[in-house]
Amino acid sequence: MSQPVPVRIRRSEDGKLLLITWTDGLSCHYPLSLLRKKCPCAVCTTEAKSKGPFYIPLYTADAMTISEIKQQGHYALQLIWADGHHTGIYDFAYLRSLCPEASEASDV
Ligand SMILES: [Zn+2]
């Protein structure tokens with residue numbers, strides 16, 4: 001088990017970023033718009049598939065505002081958005097793969 005897990009999770013002061021520091025020391029700055037676009041729940045992934053890769057969904061400000069972050073056991077975070085969307089469970093490996101800083105460091 002070398003999967004890093006978050007040790008610190010907080011929102012930026014302007015509310016536009018989710019900041020996660022991992023056990024291996026990497027800190028990731030996730031734009032909330034990115035997290036919402038990459039929502040792994042069945043509703044969002046089905047919609048993304050049906051509309052094709054060039055579909056750009058329009059989100060309201062509420063849809064890109066996190067109202068609550070819940071930890072799901074030891075493997076995932078659940079993000080609850082201000083527009084009520086709450087079915088996105090982001091497991092740590094997935095979150096890590098979305099990290100803008102991680103994708104620069106490694107060529108996956
Ligand atoms: Zn979703």
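Good morning. I begin at one pair of residues: Leu17 stands opposite Pro31 in strand 3. The model I am presenting is a predicted one, and this pair leads into the first of its sheets.

Leu17 is not an isolated case, for Leu19 has His29 of strand 3 as its bridge partner. Strand 2, residues 17-22, pairs with strand 3 in the antiparallel sense, and 5 bridges join them. The two strands form a hairpin with 4 residues between them. Within that turn, Gly25 has a positive phi of about 95°.

Stepping back to the whole sheet, we find 3 strands in the order 1-2-3, an open arrangement with antiparallel pairing. Strand 1 (6-11) and strand 3 (27-31) each have a single partner strand, so each is left with one side that has no neighbour in the sheet. From one strand to the next, the twist averages 20°. As a general reminder, strands of a sheet pair through backbone hydrogen bonds, in either a parallel or an antiparallel sense.

Let me place this sheet in the chain. The protein chain contains 4 helices and 6 strands. Read from the N terminus, the order of elements is β-β-β-α-α-β-β-β-α-α.

I turn now to the second sheet. This is also an open sheet of 3 strands with antiparallel pairing, in the order 4-5-6. Strand 4 (66-72) and strand 6 (88-91) are the edge strands, each pairing on one side only. Here the twist averages 25° from one strand to the next. Strand 4 and strand 5, residues 76-81, are joined in the antiparallel sense by 6 bridges. Within this sheet, Gln71 stands opposite Leu77 of strand 5.

Leu77 brings us to the interior. Which residues make up the largest nonpolar core? There are 11 in all: Leu18, Ile20, Trp22, Tyr30, Leu32, Leu35, Leu77, Leu79, Trp81, Tyr90 and Leu95. At least two of these residues come from each of strand 2, helix 1 (32-37) and strand 5. Ile20 may serve as an example. Setting aside its neighbours within four places in sequence, Ile20 is in contact with Pro6, Ile9, Cys28, Tyr30 and Leu95.

Next, the parts outside the core. Helix 2, residues 42-51, is hardly covered, and the count of buried residues among its 10 residues is 0. After helix 2 comes Gly52, with a positive phi near 90°.

Ala93 belongs to helix 3, which comprises residues 92-98. Is Ala93 buried or exposed? Ala93 counts as exposed, because there are 12 C-beta neighbours inside 10 Å, and a residue with 12 or fewer is classed in this way. Ala93 and Asp83 are 10 residues apart in sequence, while their C-alpha atoms are 26 Å apart in space.

I close with the chain as a whole. Of its 108 residues, 14% count as buried. Its C-alpha trace spans about 35 × 30 × 25 Å along the principal axes. The radius of gyration is 14 Å, which agrees with the value near 13 Å that a compact globule of 108 residues would have. Finally, among contacts with a separation of 6 or more, 36% are between residues 24 or more positions apart. Thank you for your attention.

Note on methods
Residues numbered from 1 in each chain as written. Predicted model: local features only at pLDDT ≥ 70, side-chain atom pairs only at ≥ 80, totals over all residues. Buried ≥ 20, exposed ≤ 12 C-beta atoms within 10 Å, placed from the backbone. Pairing = 2+ DSSP bridges. Axes fitted to C-alpha atoms, helices over the stretch in contact; angles between N-to-C directions. Core = buried A, V, L, I, M, F, W, Y, C linked by C-beta atoms within 7 Å. Contact = placed C-beta atoms within 7 Å. Rg over C-alpha atoms; globule rule 2.2 N^0.38 Å.
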